[in-house]
Structures are given as structure tokens and as C-alpha cells.
Amino acid sequence: MLKTAPLALLAATVLLAACGGTPDARIAVPRGDAGQTQRIAYDSVALREVSLPTYAASEEIHIAGADGVIKPGDGLLWADEPSRAITLELTRYLAQITGARVASEPWPFLDRASAEVELRIEEMVAHADGTFHLSGQYFVAPENGRDRARIFALVVPIGGVFSAQDIAAARGAAMQQLAREITANGLR
């Protein structure tokens, strides 16, 4: 009995490994440089957690076909939870562009931020025509001054061969453009 226990354990391990299949591929969005800097009217900015549509909030990378149907790519997953990743990515770009103290909520500093930014994305998807679409609305609520609400719609070409890495690079480029848009039209 004792000699067969290790053999049974080994057989069970092999069987479980065979049932698991290969793990899904996780794709990270490459970090980029936001480019030129721009002065803003605020010395500190709090970014609330980004709101995403249901399909974009899942860890699966989705693609919109020519018929408009949005489907997940086979076994392709974002490296991080999308809402968290996009919030942190946008925070980084806003800080690079503005030179201001920018952080995502919960606000980590003792004094309040001079302005709060809220972003609600309605479309964030790669399209079969080789473009990445990012659209929605952002809101800027300063401690002193006038509130702002702006609608945005960005389309970025997906370079390369439409691989998962190409889609991730296009998403990163769209977030850079959005950070420049928020800086130029929401935080000045």
C-alpha cells in the first residue's frame, strides 16, 4: 500500500496538469514617455478610479469585428486588472506632462488635491479594421474655480500585424493622447 501511494499521487498530478491546458497569455501595456510638458492651473490633481464598460473591465482583451460584435481574443489577457492599470497609467502620464503632484484615489496626502479628475470610458476596444478606439467623458472638479466636463473620442492605428502586443501598444498610445487632452482642455 505504501509503495503505490507515491505512484497514485504522481498519476493524479499528471492528470491534473493535462486537464489544465496551457495558461493564458498575459499582455502588458508598454510604458511610454508622455512627451512635451505643459503647465496647468493646479499644483495637485487626484484621479478617481477609471470607470470602464463591462467588456473592457474584464481581464480579457476584446476585439470588435467588422459586424460590430465585440468578442474576447483567444486566451489573451491583460497583465493587470484594466481599471486599476488604466488609472495608474493615466496618473503617470498626467504627472509627466504637468509636473504636478498627481495621484489616484484614495488620495495619499494630508492636504486635499487642488482638482479632482473623473474619467468614464464608454468604448475601449481594438477594431478589426486596425484601429483602437477610446471614447467617453472626463470631469474636472477644482477646489476653487469652475467645473469642466468634456467628451473625447480618440482613434489610434494599431501598428504591426494586429498582435496582442500591437493592441497593447495602441492602448498605451491612446492613453497618452487622452492625458494630453485632459491636460490641455481640462486642467488649464
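What volume does the largest cavity have? Here are my notes, with the answer in point 5.

1. First, some ground rules. This is a predicted model, so to speak a computed proposal: local features need pLDDT of at least 70, side-chain atom pairs count only at pLDDT 80 or more, and totals for chains, interfaces and linings use all residues. Numbering starts from 1 along each chain as its sequence is written, and side-chain values use heavy atoms, with hydrogens and water left out.

2. Now confidence. pLDDT is the predictor's confidence in each residue, from 0 to 100. The protein chain has a mean pLDDT of 88, and 88% of its residues reach 70 or more. Watch residues 1-21, though: pLDDT stays under 50 there, and the model gives them zero contacts (heavy atoms within 4.5 Å) beyond four places in sequence. Where pLDDT is low, don't read the predicted coordinates in detail.

3. On to the fold. The protein chain has four helices and eight strands, taken as DSSP runs numbered from the N terminus (helices are H or I, at least four residues; strands are E, at least two). Walk along the sequence and you meet α-β-β-α-β-β-α-β-β-β-β-α. Among contacts with a separation of 6 or more, 68% join residues 24 or more positions apart.

4. What about burial? Of the 188 residues, 43% count as buried, meaning under 20% relative accessible area (exposed is over 50%, partly exposed in between; 1.4 Å probe, protein chains only).

5. Back to the opening question: the largest cavity holds about 50 Å³. A cavity is a set of points on a 1 Å grid over the protein atoms alone where a 1.4 Å probe fits but cannot get out; a pocket is an open set with protein on both sides within 12 Å along at least five of seven lines; lining residues have an atom within 4 Å of a point. Volume is the space filled by probe spheres set on the points, which are joined across faces, edges and corners. Residues lining the largest cavity include Tyr55, His62, Trp78 and Phe132. Helix H2 (54-57), strand E3 (60-64) and strand E6 (115-127) each supply at least two lining residues.

6. Finally, the largest pocket has about 230 Å³ of space. Its lining has 13 residues, and closest to the centre are Val29, Asp80, Ala85, Glu89 and Arg171. Helix H3 (residues 82-98) gives the most to this lining, with four residues.
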